[in-house]
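Colleague: I am new to this structure and would like a close look at one part of it. Please keep the account plain.

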Amino acid sequence: MFKKAIVGGTFDHFHKGHRKLLEHGLSISESIIATITSDEYAISKSSDISFENFETRRENVSRYLNQKASGNFEVIKINDVFGPTLDPSFEADSIVVTEETKKGADLINEKRKGKDLPLLEVLVCPMELAEDGLDISSERIREGE
């Protein structure tokens with residue numbers, strides 16, 4: 001069991017895959033930090049600009065965590081892949097990702113190593129599949145799939 005896990009994403013059109021990712025973080029740690037991309041960062045990562053706004057995305061994540069985490073969480077807005085992870089006072093010891101986002105965790109650990117910070121344990125959560133057998137994603141939802 002880890003002390004604190006960080007879980008990040010855009011969390012657009014909050015869906016079953018997001019719930020699985022957050023639940024995975026909760027299942028392996030005493031508490032979690034959910035980082036949510038700012039509107040500007042979300043738009044910079046994709047040519048699709050039909051994202052829900054940050055407040056809607058934050059409310060959806062917070063509401064879900066309030067039901068599941070017994071107050072053992074915090075929600076943070078991030079403007080880049082690193083969020084709070086390069087701050088020497090950052091307390092998480094693990095990061096929960098999907099195979100699709102693992103490269104971001106590797107980049108975070110590379111920067112942490114360069115700053116002589118302890119590396120985060122990288123834990124990969126399997127993707128949630130839709131009825132058609134493909135990964136559930138906000139992009140597919142936005143496209144009406």
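Leaving aside its neighbours within four places in sequence, which residues is serine 31 in contact with?

Modeller: This is a predicted model. Leaving aside its neighbours within four places in sequence, serine 31 is in contact with Lys3, Lys4, Ala5 and Asn72. Serine 31 has its place in strand β2, and it counts as buried because its relative accessibility of 14% falls under the 20% cut-off.

The strand itself comes next. Strand β2 covers residues 29-37 and pairs with β3 in the parallel sense, over six bridges. One residue of that pairing can be named: threonine 35 has isoleucine 76, in β3, as its bridge partner.

Both strands belong to an open sheet of five strands, ordered β3-β2-β1-β4-β5, with parallel pairing. The edges of the sheet are β3 (73-78) and β5 (121-124); each has a single partner strand, so one side of each is left without a neighbour in the sheet. From one strand to the next, the twist averages 25°. In the order of the sheet, β2 stands between β3 and β1.

Two helices lie across β2. Helix α1, residues 16-28, lies across β1 (2-9), β2, β4 (94-97) and β5, and helix α1 runs at about 150° to β2. Helix α3, residues 54-68, lies across β2 and β3, and its angle to β2 is about 165°.

To return to the residue in the request: serine 31 is a buried residue of strand β2, and its contacts include Ala5 and Asn72.

Key: Residues numbered from 1 in each chain as written. Predicted model: local features only at pLDDT ≥ 70, side-chain atom pairs only at ≥ 80, totals over all residues. Heavy atoms only, no water. Pairing = 2+ DSSP bridges. Helix = DSSP H or I, 4+ residues; strand = E, 2+ residues; numbered from the N terminus. Axes fitted to C-alpha atoms, helices over the stretch in contact; angles between N-to-C directions. Contact = heavy atoms within 4.5 Å. Buried < 20%, exposed > 50% of the residue type's maximum accessible area, 1.4 Å probe, protein only.
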